[in-house]
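Biologist: Please take a close look at the salt bridges in this structure, and explain each term for someone who is just starting out.

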Amino acid sequence: MPPAKLLSDVFDYPPNYILFLNNLPEETNEMMLSMLFNQFPGFKEVRLVPGRHDIAFVEFENDGQAGAARDALQGFKNTTSHAMKITYAKKQHLG
């Protein structure tokens, strides 16, 4: 099933407990993102991608909690030139 298209031309996958963040500024670090997302119930951890400053993953206990954080922080400006884009991460299927 193809991802749903959002109004902002960002493709989103079905609800998932892991969020995918992109369009992050170069100075983004794990502590900055943890402080931003830990205000939401169910926050578990932030994972940065080695060698990529512009993307990260944020894990929650369930997809409802991830969705609440996604909706609240969509378009959040880390800097004046970087509005964060948040989608559900693509689920990996095993087997």
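Modeller: What follows is a walk through the salt bridges, one pair after another. The model is predicted, with local features needing pLDDT of at least 70 and side-chain atom pairs counting only at pLDDT 80 or more, while totals for chains, interfaces and linings use all residues. Residues are numbered from 1 along each chain as its sequence is written, and side-chain values use heavy atoms, leaving out hydrogens and water.

A search of the whole structure finds 5 salt bridges (a side-chain nitrogen of Lys or Arg within 4 Å of a carboxyl oxygen of Asp or Glu). In one of them K44 pairs with E59, their closest N and O atoms being 3.5 Å apart. Because K44 lies in strand β4 (residues 43-49) and E59 in strand β5 (residues 52-60), this pair ties together parts that are 15 residues apart in sequence (strands are DSSP runs of E, at least two residues, numbered from the N terminus).

E59 also meets the side chain of R47 in a salt bridge, at 2.8 Å from N to O, and since R47 lies in β4 and E59 in β5, the parts tied together here are 12 residues apart in sequence. E59 has 12% relative accessibility and so counts as buried, whereas R47, at 30%, counts as partly exposed (buried means under 20% relative accessible area, exposed over 50%, partly exposed in between, with a 1.4 Å probe and protein chains only). K44, E45, R47 and E59 are linked in a network of salt bridges.

Another salt bridge joins D54 to R52, with the closest N and O atoms 3.0 Å apart; D54 counts as partly exposed at 22% relative accessibility, and R52 counts as partly exposed at 42%.

Terms used: Helices (H or I, at least four residues) and strands (E, at least two) are DSSP runs, numbered from the N terminus.
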